[in-house]
Amino acid sequence: MAGGSPNGRVPRQLPVLIIGSGSTGLALAQGLRKAGIPCTVFEKNVHHHGERDWNMGLHWGAPTLKSLLPDGQFDEKVQSLQVDPHVPTKDLDDLIWLKGDTGERLATITFGPFYRLRRSKLRDLLSQDLDIQYGKHLQDITYAEDGQSVTAQFTDGSTATGSLLVGADGARSTTRSLLLGPKLGAINHIPYCATFIQQRFTSEQALYLRSFHPLFLASAHPNNTFAFFGMHDAPDPNDPSSWTFFFYVSWRSSLEEQEATKHWTDAQRVKQQKELANHFCDPWKSALEWTPDDASAWYLGLTDWDPGADEHRWDNHNGLVTLVGDACHPMTYQRGQGLNHSVTDAGKLRDALIKIQENGDQAEGIRDFEEEMIKRGGTEVRDGTANTGMLHDWERIKESPLFKKGMRKNDA
């Protein structure tokens, strides 16, 4: 920052305020730290980890994440972050799609490198050496009259003032609601849902389930349901009973049905998954048969929010506030694009803030950043929701270019 104060001291640069310590906010903070730009992360939860852990696909976003981390750290650590750190990441790997009732291979999508990362491990790595304040739930945002700073007000009565406030607080973003109001900023519920289960099995069962693919497998069923099966945690390669698998069957579910079943117990969710999986081939059929009736379950009604909609354009107050990641473009997960776009947001905002430091035009820099992010992220939100609809419509699946191409490849 150029310039000085009357007493000859260089004024202290205000930090960037990052709301939310998910993967996006932490990746951004690492990138700013690397660039020498001060920042503080504020997390509403009291503890670093929440109750649930899941895994995420990283592929085309990997080079950007690498650029945000300290030099050499990605190459050194990425293997340890994976659901099975003992299986080396291939330059190219196959995502196999099965026909849900028969187990026939519908398509094989080859791409890579494809990283399947544990969210908790990634957050642990991204949290290192950062200024993170926990128990800070955003309540309001105010802007200085001179347009040079923004202040976050938290529910505990504390405040923080910075040069920019970045909402990285997830799909149900408080920052987004403050910018657009509770109605326009609210998440959009769509008529699809899934119940996720994470479960260990006996060694014999685990070896059988993993024989279908060491990491991940997808299936579309002619009855218009969709399923995924994958590894979540493999701490000991020599003890299959230590492996945790994750799997779900998703289906079209009206908003009325979602509302009527929102208070269901885990036992009711597991029973429903068992009934759905009974129509599937293995590994889903056996995995659900072997899952205890009292297993834990995580039910999720699918949601999205399109930043490209005209009514969703927020006022960034001349570059004092913006959104990134799921706070800006929460999307359905079947295409596996969420982490890649979120990491890309962090990299592009890092680049924008470096440029702003050089030319001082924050309003223009944030405007240009948002235009690209909204176009890219909004397109993905719409494509993702359309893809979710297709995956739960067998007639459309049969006509899709992906599966026609995949079937021809397999027949050749």
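Contact, as the word is used in this report, means heavy atoms within 4.5 Å. The structure is a predicted model, in which local features need pLDDT of at least 70 and side-chain atom pairs count only at pLDDT 80 or more, while totals for chains, interfaces and linings use all residues. Residues are numbered from 1 along each chain as its sequence is written, and side-chain values use heavy atoms, with hydrogens and water left out.

Helices (H or I, at least four residues) and strands (E, at least two) are DSSP runs, numbered from the N terminus. Buried means under 20% relative accessible area, exposed means over 50%, and partly exposed lies in between, for a 1.4 Å probe and protein chains only.

## Helix H1 against helix H10

Threonine 24 is found in helix H1, and with a relative accessible area of 12% this threonine is buried. Not counting residues up to four places away in sequence, threonine 24 touches Val324, Gly325, Ser342 and Ala346.

Ser342 and Ala346 also appear in the list of H10 residues that meet H1. Helix H1 (residues 23-35) packs against helix H10 (residues 338-359) at an angle of about 30°, and their axes are 9 Å apart; here axes are lines fitted to C-alpha atoms, for helices over the stretch in contact, and angles run from 0 to 180 degrees between N-to-C directions. H1 and H10 are therefore roughly parallel to each other, given that angles under 35 degrees count as roughly parallel, over 145 as roughly antiparallel, 65 to 115 as roughly perpendicular and the rest as oblique. H1 passes H10 in a right-handed crossing, a term for the near helix being turned clockwise from the far one by less than a right angle, whereas an anticlockwise turn makes a crossing left-handed.

On the H1 side the residues are Ser23, Thr24, Ala27, Leu28, Gly31, Leu32 and Ala35, and they meet Leu339, Ser342, Ala346, Leu349, Arg350, Leu353 and Ile354 in H10. By class, this contact of H1 with H10 has nine nonpolar, four polar and one charged residues, where Ala, Val, Leu, Ile, Met, Phe, Trp, Tyr, Cys and Pro count as nonpolar, Asp, Glu, Lys and Arg as charged, and the others, Gly among them, as polar.

## Helix H10 against helix H11

H10 also packs with helix H11 (residues 362-391), at an angle of about 165° and with the axes 9 Å apart. H10 and H11 are therefore roughly antiparallel to each other, and their crossing is right-handed. Among the residues making this contact are Lys348, Leu349 and Leu353 of H10 and Ile366, Phe369 and Arg376 of H11. The contact of H10 with H11 has, by class, seven nonpolar, four polar and five charged residues.

## The nonpolar cores

A nonpolar core is a set of buried Ala, Val, Leu, Ile, Met, Phe, Trp, Tyr and Cys residues joined through side-chain atoms within 4.5 Å. The largest such core has 61 residues, of which Val16, Ile18, Leu65, Leu349 and Leu353 touch the most other members. Helix H10 gives the most to this core, with seven residues. Apart from it lies another core, of 44 residues, including Leu217, Ala234, Cys281 and Trp284. Leaving aside neighbours within four places in sequence, leucine 349 is in contact with Leu28, Val166, Thr322, Val324, Ile366 and Phe369.

## Individual residues

The table lists the accessibility of several further residues.

| Residue | Relative accessibility | Class |
|---|---|---|
| Arginine 252 | 53% | exposed |
| Glutamine 272 | 14% | buried |
| Tryptophan 264 | 31% | partly exposed |
| Asparagine 224 | 34% | partly exposed |
| Histidine 317 | 28% | partly exposed |

Arginine 252 is found in strand E15 (residues 244-252), and leaving aside neighbours within four places in sequence, this arginine is in contact with Pro191, Tyr192, Glu257 and His392. Arginine 252 and asparagine 224 are 28 residues apart in sequence and 7.9 Å apart in space, C-alpha to C-alpha. Asparagine 224, in the loop between strand E13 (216-220) and strand E14 (226-233), has a positive phi of about 70° although it is not a glycine.

Glutamine 272 lies in helix H8 (residues 266-277) and, with the same sequence neighbours left out, is in contact with Trp251, Glu257 and Trp264. Tryptophan 264 lies in the loop between helix H7 (255-260) and H8.

Proline 283 is found in the loop between H8 and helix H9 (284-290), and the peptide bond leading from aspartate 282 to this proline is cis, with omega near 15°.
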